[in-house]
Amino acid sequence: MGGETLRGALEVRLGSDLKTKGIRVQLIGEEVAGWKSGTKGEQGGHGGKQVNERKYNFKVERTLWGFQRSDESAVFRVLKSGTHRYEFDYELPLNLPCSFKHAHGKILYTVRGYAERPKGVLKSNVEPILIFGSPTAQLLRQMKPITTENSLTVGGRL
């Protein structure tokens, strides 16, 4: 729910040393809609013009290890092989709309972790976050925390 604190951890498993400027987590809340405008006759029989809209409720990035992305003097450092765990938290904005998916649109909340590398970005899986509407008092008494873990595994030299 909006206003709650989202807590998680990113686990990075490295089979070899990793040259990186930083390990980061990105949290995104977005609304996406798509539809065709007009009629088939208006666009030469092709069903109208496709219209797509995107709005971000929030889009934040946290550096869990290394340099901030905005630090222009940042240099690549070596993260040693092994397993590294980085915890994070984020207070969700108030009054967020519920997660939603339909043929013409969706409200989606995700978290992803990645490493900034010399030849691009190494990404982990994107994990969905479900946001529910304001619960009743009875539902609040029945709710239990949900936890999920995801890891990024890198083997060999990249």
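Salt bridges in a predicted model

Modeller: In this predicted model, Glu11 and Arg13 join their side chains in a salt bridge, with N and O 2.7 Å apart.

Biologist: Is Glu11 buried or exposed?
Modeller: Buried residues have under 20% relative accessible area. Glu11 has 15% relative accessibility, so Glu11 counts as buried.

Biologist: Which residues are linked with Glu11 in a network of salt bridges?
Modeller: Glu11 pairs with Arg13 through their side chains. Arg13 counts as partly exposed, at 37% relative accessibility. The network of salt bridges links Glu11 with Arg13 and Arg85.

Biologist: How far apart are the closest N and O atoms of Asp17 and Lys80?
Modeller: A salt bridge requires the nitrogen and the oxygen to lie within 4 Å. Asp17 and Lys80 form a salt bridge, and their closest N and O atoms are apart by 3.7 Å.

Biologist: How many residues apart are Asp17 and Lys80 along the chain?
Modeller: Asp17 sits in the loop between strand S1 (5-14) and strand S2 (18-20). Lys80 sits in the loop between strand S5 (77-79) and strand S6 (82-91). The pair therefore links distant parts of the chain, and the separation is 63 residues.

Biologist: Which strands hold Glu30 and Arg54?
Modeller: The side chains of Glu30 and Arg54 form a salt bridge of 2.4 Å, N to O. The pair ties together parts that are 24 residues apart in sequence, because Glu30 lies in strand S3 and Arg54 in strand S4.

Biologist: How many salt bridges does the count come to?
Modeller: Glu30 with Arg54 is one pair in a salt bridge, and Asp17 with Lys80 is another. The count comes to 7 salt bridges.

Conventions. Residues numbered from 1 in each chain as written. Predicted model: local features only at pLDDT ≥ 70, side-chain atom pairs only at ≥ 80, totals over all residues. Heavy atoms only, no water. Buried < 20%, exposed > 50% of the residue type's maximum accessible area, 1.4 Å probe, protein only. Helix = DSSP H or I, 4+ residues; strand = E, 2+ residues; numbered from the N terminus.
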